[in-house]
Amino acid sequence: MEKTNFKNKFNQDSAQQILYRTLLVRIVEEEIVERYGKPGDRQEMRCPVHLSIGQEAAAVGACYHLTNDDRAFSTHRCHAHYLAKGGSVDKMALELHGKLGGCLDGRGGSMHLMDDDVGMMASVPIVSSSIPLAVGAALSDKIDENKNVSLAFFGDASTEEGVFHESVNFASLKELPVIFVCENNLYSVYTHIDDRQPNRDLSEFGNAHGLKTIKVDGNDVFAVVDAFKDIVCRAREERKPSLVVMDTYRWREHCGVNYDDHLGYRDANELPSWQKRDPVNIAIEAIKDAALMSEKQISNMKISIQKQVSEIFDMAVDAPLPNPELASRFVYA
Ligand SMILES: Cc1ncc(C[n+]2csc(CCOP(=O)(O)OP(=O)(O)O)c2C)c(N)n1
């Protein structure tokens, strides 16, 4: 975002809050990288993990204007969405360790993070399956005549599922207060979008279904926050749906904590070129350019988050496992 534009739109408080959330997502996931499945460790985290390192800005920016009454729905790649929606790091760390006190008391693990206290309603790894849930929530909000907003996060591969189109069509027809948020990281596991879809822009799907559609730089958190101001307002005040398409990039393997570029499914220059557009660095540079925080303040913020997150993960390792009898709680015959 341009310097003058940035200064008109963000002050010290908002810039600090946005950077804090962006750093929190990055640092929590780097903690997972450090601790997950290292040779000789005790494999404390047993669930598969799909990291959003490189994609933090889209999640943080999309949730910035939401309240706890607004409802978010996510996918297998839900860590960033959960934290951006205000989810607790304690409950997330406990959940990843399968422990009591996790946001699902250890039943769900990494791909199912939810906490209705903060409006994080569901995370579902069946591609596209949480999109109609967001539409249903928006329909109920419309019937109840309240001002809540629902938001569905999904990846580019979701646009290849029928239920995505059915959901967007229905939301457009009924004018529902729902925001469809597509994080286009170019890949469905190992397959590039060019090998899955004809050459077209994903925003064309929104135009085809007749709803407002915008494209935003998914690596610039301040651009995302700025764009979502109008989009959230449109849902909250005008009760109208929108589609937001954000290009971004997953740095690490589809599932797991490693880099996987040796597999050859991505061009060798692709990761380094996206890393030059690191969402964390872009946010820091914007803040420094606008003189809203000093180098020292930013470094203190990082150190304090790192310390806090490391202590929380230690706590989760030592926390008790749930009693096996609890496994069937919420299972109704
Ligand atoms: C209905 C369905 N089909 C296939 C899969 C296997 N699968 C898991 S993740 C994934 C790719 C998802 O890509 P995308 O939606 O773009 O999200 P990303 O992983 O890039 O965040 C696939 C095909 C699935 N979980 N559900």
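**Exercise 1. Helix α12**

Task: Which span does helix α12 (residues 295–318) reach from its first C-alpha to its last, and what is expected at 1.5 Å a residue?

Solution.
- Helix α12 covers residues 295–318, which gives 24 residues.
- Its first and last C-alpha atoms lie 35 Å apart in this predicted model.
- The expected value at 1.5 Å a residue is 34 Å, and the span of α12 is close to that.

**Exercise 2. The buried residues of α12**

Task: Which residues of α12 are buried, and which helices do they pack against?

Solution.
- Start with burial: Val309, Phe313 and Ala316 are buried in α12.
- Recall a rule: an α-helix has 3.6 residues a turn, so residues three or four places apart point the same way.
- Then look for partners: the buried residues of α12 pack against α2 (12–35) and α5 (89–96).

**Exercise 3. Helix α2 and what follows**

Task: How far apart are the end C-alpha atoms of α2, and which glycine just after α2 takes a positive phi?

Solution.
- Helix α2 has 24 residues, so at 1.5 Å a residue it should span 34 Å.
- Its end C-alpha atoms are 34 Å apart, which agrees.
- Just past α2 comes glycine 37, with a positive phi of about 55 degrees.

**Exercise 4. The whole chain**

Task: How many helices and strands does the chain have, and why does it count as compact?

Solution.
- The chain has 12 helices and 8 strands.
- Its radius of gyration is 19 Å, and the globule rule gives 20 Å for 333 residues.
- These values are close, so the chain is as compact as a globular protein of that length.
- Along the principal axes, the C-alpha atoms fill a box of roughly 60 × 55 × 40 Å.
- Of the 333 residues, 44% count as buried.
- Take the contacts with a separation of 6 or more: 76% of them join residues 24 or more positions apart.

**Exercise 5. The core**

Task: Which helix gives the most to the largest nonpolar core, and what does alanine 152 touch?

Solution.
- The largest nonpolar core holds 87 residues.
- Helix α9 (residues 221–238) gives the most to this core, with 10 residues.
- Leu151, Ala152, Val178, Val224, Val244 and Ala283 have the most contacts inside the core.
- Set aside residues up to four places away in sequence: alanine 152 touches Phe73, Ser130, Ile131, Ala134, Val178, Phe180 and Val181.

**Exercise 6. Around the ligand**

Task: Which residues come nearest to the ligand, and which strands each supply at least two residues of its shell?

Solution.
- Of the 15 residues around the ligand, Arg77, Val127, Gly155, Ala157 and Ser188 come nearest.
- Strands β3 (150–155) and β5 (187–188) each supply at least two residues of the shell.
- By class, the shell has 7 nonpolar, 6 polar and 2 charged residues.

Conventions: Residues are numbered from 1 along each chain as its sequence is written. This is a predicted model: local features need pLDDT of at least 70, side-chain atom pairs count only at pLDDT 80 or more; totals for chains, interfaces and linings use all residues. A residue is near a molecule or strand if its C-beta atom, placed from the backbone, lies within 6 Å of it. Helices (H or I, at least four residues) and strands (E, at least two) are DSSP runs, numbered from the N terminus. Ala, Val, Leu, Ile, Met, Phe, Trp, Tyr, Cys and Pro count as nonpolar, Asp, Glu, Lys and Arg as charged, and the others, Gly among them, as polar. The expected span of a helix is 1.5 Å times one less than its number of residues. A residue is buried if 20 or more other C-beta atoms lie within 10 Å of its own, exposed if 12 or fewer, and partly exposed in between; C-beta atoms are placed from the backbone. Two residues are in contact if their C-beta atoms, placed from the backbone, lie within 7 Å. A nonpolar core is a set of buried Ala, Val, Leu, Ile, Met, Phe, Trp, Tyr and Cys residues joined through C-beta atoms within 7 Å. The radius of gyration is taken over C-alpha atoms; the globule rule is 2.2 Å times the number of residues to the power 0.38.
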